[in-house]
Amino acid sequence: MTKHTVPLLLSALLCSAALARAEVPTLLIEARPVSVSQPAEATVEAVRQATLAAQIAGRVMELNVDAGDRVTRGDVLLRIDAAEASQAVAGAEAGVAQAEAGRIKARSDYERARSLFESKFVSQSALDQARSALDAADAQVRSAQAGRGQASTVVGYTRIVSPLSGLVAARHVDAGEMAQPGTPLLTVYDPAALRAVADVSQQRMTALGKAPLRASVELPGSGRWVEAAAVTVLPAADARTHTVRVRVDLPPATLGVVPGSYARVHFLSGESARLVVPSTAILRRGELTAVYVADGKGGFSLRQLRLGERVGAEDGVEVLAGLHSGETIALDPVQAGIAASTASRP
């Protein structure tokens, strides 16, 4: 190495460090008003959901859908064996025919008795008896017709149709199984209308104040935050847990969310001045949580922080300790680390 090589290397290192520092994006941290919220654990449920159950006994003969299939209102989802119901309809039809034949005979007897009464051949009591028989025959016909209508309605119970458009959440039976009245068959729901349901203590409800409440919903599964479309507080408390149920409607057609999934509702209760740093500027190495802070001389130093909760729907985290308002941090901790290590070389 010649005597001219060392100055050249030193000059290159200094240029490299200066270039690295110049390329590191920074941000001036200042206290600013942020929304203060009260978190509550919640569960997502469908606003419109139906569990379809059997209304007659019979074997499941046809199963047209499975869990996850999309259905339209009125679609035939499954069929139950209609043999017994069809026999009931046939019996009811025979009963109607028998009752109508009896009414024809009773009317004929009444007409004959009235003619004989007018000719003074029978008494008033005989005519009244014939009239009563005709009334009874009319009632028997109406009863038979009602039985036929009931039997026809039962035949309709063998076709299970979707009451709404949406998705099949669960299938509770297989083809060939016996269904009994009340047996759950399928569960369908509308994915376009979902809500998060949270049970909030009465003390916290008092702290939140009167309606209307505002809230944001955190979806930890996808890391998203959405603003609530509406917040409804049910007008009753649970006698066992002394909590009030709150329904927080998600925006229409919120994708990637299914009933039963976990959510966290943040009820907005005001604003407060706090220090917030972007989550991308935070360096996490095991238990170390830190940021690179500009030292005012063109370099950066690593400083450990104590962080709080994520701030609303923003990509930021509250700083509890380790940073002061008016300081500048590096937005890219990787580039800042390279610049800091380059500047520290002799």
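Arginine 264 and glutamate 41 meet through their side chains in a salt bridge, with an N to O distance of 3.7 Å. Arginine 264 belongs to strand β16, residues 262-274, and glutamate 41 to strand β2, residues 32-46, so this pair ties together parts that lie 223 residues apart in sequence. I should state at once that this is a predicted model, and that the distances I quote are computed from it.

How accessible are the two partners? Arginine 264 has a relative accessibility of 22% and therefore counts as partly exposed. Glutamate 41, at 46%, also falls in the partly exposed class. The count of salt bridges in the model comes to 14.

Let me turn to two further salt bridges, in helix α2. Aspartate 109 pairs with arginine 112, and their closest N and O atoms are 3.1 Å apart. Both residues sit in helix α2, which covers residues 83-118, and the spacing of three residues is about one turn of the helix. Aspartate 109 is partly exposed at 29% relative accessibility, and arginine 112 is partly exposed at 46%.

Glutamate 111 forms a salt bridge with arginine 114, where the closest N and O atoms are 2.6 Å apart. These two residues likewise lie in helix α2, three residues apart, or about one turn. For glutamate 111 the relative accessible area is 35%, which is partly exposed; arginine 114 is partly exposed as well, at 35%. Elsewhere in the model, salt bridges with shared partners join Glu41, Glu218 and Arg264 into one network.

That network brings us to glutamate 218, in strand β12, residues 215-219. Is glutamate 218 buried or exposed? Its relative accessible area is 14%; because the cut-off for buried is under 20%, glutamate 218 is classed as buried. Which side chain makes a polar contact with that of glutamate 218? The partner is histidine 266, at 2.9 Å. Leaving aside residues up to four places away in sequence, glutamate 218 touches Arg224, Trp225, Ala263, Arg264 and His266.

Next, the aromatic residues. The count of aromatic pairs is zero. There is, however, a charge over a ring: arginine 131 lies over the face of tyrosine 110, at 5.3 Å from the ring centre.

My last residue is valine 161, found in strand β7, residues 159-161. Valine 161 has a relative accessible area of 34% and is partly exposed. Which residues does valine 161 touch, not counting those up to four places away in sequence? They are Leu52, Gly74, Asp75, Val76 and Leu77. For Leu52, the C-alpha atom is separated from that of valine 161 by 8.8 Å, although the two residues are 109 apart along the chain.

Finally, a word on confidence. The protein averages a pLDDT of 79, and 82% of the residues score at least 70. Among the elements, strand β5, residues 70-71, has the highest mean pLDDT, at 94, whereas helix α1, residues 5-23, has the lowest, at 46. Over residues 1-21 the pLDDT is below 50, and this stretch has twelve contacts in the model beyond near neighbours in sequence. Where pLDDT is low, the predicted coordinates should not be read in detail.

Methods. Residues numbered from 1 in each chain as written. Predicted model: local features only at pLDDT ≥ 70, side-chain atom pairs only at ≥ 80, totals over all residues. Heavy atoms only, no water. Phe/Tyr/Trp six-rings, centres within 6.5 Å; stacked < 30°, edge-to-face > 60°. Lys NZ or Arg CZ within 6 Å of the ring centre and 35° of its normal. Helix = DSSP H or I, 4+ residues; strand = E, 2+ residues; numbered from the N terminus. Buried < 20%, exposed > 50% of the residue type's maximum accessible area, 1.4 Å probe, protein only. Contact = heavy atoms within 4.5 Å. pLDDT = per-residue confidence, 0-100. Polar contact = N/O pair within 3.5 Å; in protein donor to acceptor, adjacent residues only side chain to side chain. Salt bridge = Lys/Arg side-chain N within 4 Å of Asp/Glu carboxyl O.
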